[in-house]
Amino acid sequence: WVTTRQKSRAGPRTTFDILDTIPPGGIFFVLEGPRCSERYTWYRVSYGDLTGWIAEGASSAYFVEPYPPG
């Protein structure tokens, strides 16, 4: 689940185009990853009709957290 508004990109680097954003509280499915690039750990995710790459966090904070199925 997303803890802060998260940019979804076309690939696992900040140089890839931003496709859309996932809002705080958004729940997504991990399709691929992790991949490390540019100080970030990236995951390819699915959120509704959106499929793209998001960063897990930075050295000082996580942007996303696991959400256990209930």
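This briefing walks through the core, the paired strands, the charged pairs and a few unusual backbone spots of the structure above. Keep in mind that this is a predicted model. The largest nonpolar core has eight residues, and a search of the whole structure finds three salt bridges. There is also one aromatic pair to look for.

**The nonpolar core**

- The eight residues of the largest nonpolar core are Val2, Ile22, Phe28, Tyr43, Val45, Leu50, Ile54 and Val64.
- Two strands, β4 (40-47) and β5 (50-55), each give at least two residues to this core.
- Ile54 is a good residue to click on: setting aside neighbours within four places in sequence, Ile54 is in contact with Ile22, Phe28, Tyr43, Val45 and Val64, among others.
- The contacts of Ile54 also include Gln6, Lys7, Ser8, Thr41 and Trp42.
- Why can we call β5 largely enclosed by the rest of the structure? Five of the six residues of β5 are buried, so the strand is largely enclosed.

**Strands β4 and β5**

- In which sense do β4 and β5 pair? They run antiparallel, and the pairing extends over six bridges.
- One of the matches to find on screen is Val45, whose bridge partner in β5 is Gly52.
- The two strands form a hairpin, with two residues between them.
- Gly48 sits in the turn of this hairpin and has a positive phi of about 60°.
- As background for looking at any strand, side chains in a regular strand alternate between the two faces of the sheet.

**The aromatic pair**

- The structure holds one aromatic pair.
- Tyr40 and Trp42 make up this pair, with ring centres 5.8 Å apart.
- Their ring planes meet at 75°, so the pair counts as edge-to-face; the cut-off for that label is an angle over 60 degrees.
- Are Tyr40 and Trp42 buried or exposed? Both residues are buried.

**Salt bridges**

- Side chains of opposite charge can pair when their charged atoms come close.
- How many salt bridges does a search of the whole structure find? The search finds three.
- Glu38 and Arg13 form a salt bridge in which the closest N and O atoms are 3.4 Å apart.
- This pair links distant parts of the chain: Glu38 is in the loop between β3 (29-37) and β4, while Arg13 is in the loop between β1 (6-9) and β2 (18-22), and the two are 25 residues apart.
- Arg13 has a relative accessibility of 38%, so this residue counts as partly exposed.
- Glu32 and Arg35 meet through their side chains in a salt bridge, at 2.6 Å from N to O.
- Glu32 also meets Arg44 in a salt bridge, with an N to O distance of 3.7 Å.
- Glu32 belongs to strand β3 and Arg44 to strand β4, twelve residues apart, and this pair too links distant parts of the chain.
- Together, Glu32, Arg35 and Arg44 are linked in a network of salt bridges.
- Each member of the network is partly exposed: Glu32 has 29% relative accessibility, Arg35 has 40%, and Arg44 has a relative accessible area of 29%.

**Unusual backbone spots**

- Most residues other than glycine have a negative phi, and most peptide bonds are trans.
- Where is the cis peptide bond that joins a glycine and a proline? The bond lies between Gly33 and Pro34, and its omega is about 10°.
- Pro34 lies in strand β3.
- Glu38 is not a glycine, yet this residue has a positive phi of about 55°.
- Glu38 counts as partly exposed, with 24% relative accessibility.
- Arg39 is another non-glycine residue with a positive phi, here about 70°.
- Arg39 is found in the loop between β3 and β4, and is exposed, with a relative accessible area of 72%.

**Ser37**

- Ser37 is found in strand β3 and is buried, with a relative accessible area of 13%.
- The side chain of Ser37 reaches the backbone oxygen of Pro12 at 3.4 Å.
- Not counting residues up to four places away in sequence, Ser37 touches Pro12, Arg13 and Trp42.
- Two of these names have come up already: Arg13 forms a salt bridge with Glu38, and Trp42 is in the aromatic pair with Tyr40.

Conventions
Residues are numbered from 1 along each chain as its sequence is written. This is a predicted model: local features need pLDDT of at least 70, side-chain atom pairs count only at pLDDT 80 or more; totals for chains, interfaces and linings use all residues. Side-chain values use heavy atoms; hydrogens and water are left out. A nonpolar core is a set of buried Ala, Val, Leu, Ile, Met, Phe, Trp, Tyr and Cys residues joined through side-chain atoms within 4.5 Å. Buried means under 20% relative accessible area, exposed over 50%, partly exposed in between (1.4 Å probe, protein chains only). Helices (H or I, at least four residues) and strands (E, at least two) are DSSP runs, numbered from the N terminus. Contact means heavy atoms within 4.5 Å. Two strands pair if DSSP finds at least two bridges between them. Rings of Phe, Tyr and Trp (its six-membered ring) pair if their centres lie within 6.5 Å; planes under 30 degrees apart count as stacked, over 60 as edge-to-face and the rest as tilted. A salt bridge is a side-chain nitrogen of Lys or Arg within 4 Å of a carboxyl oxygen of Asp or Glu. A polar contact is a pair of N or O atoms within 3.5 Å; within protein, one must be able to donate a hydrogen and the other to accept it, and residues adjacent in sequence count only if both atoms are side-chain atoms.
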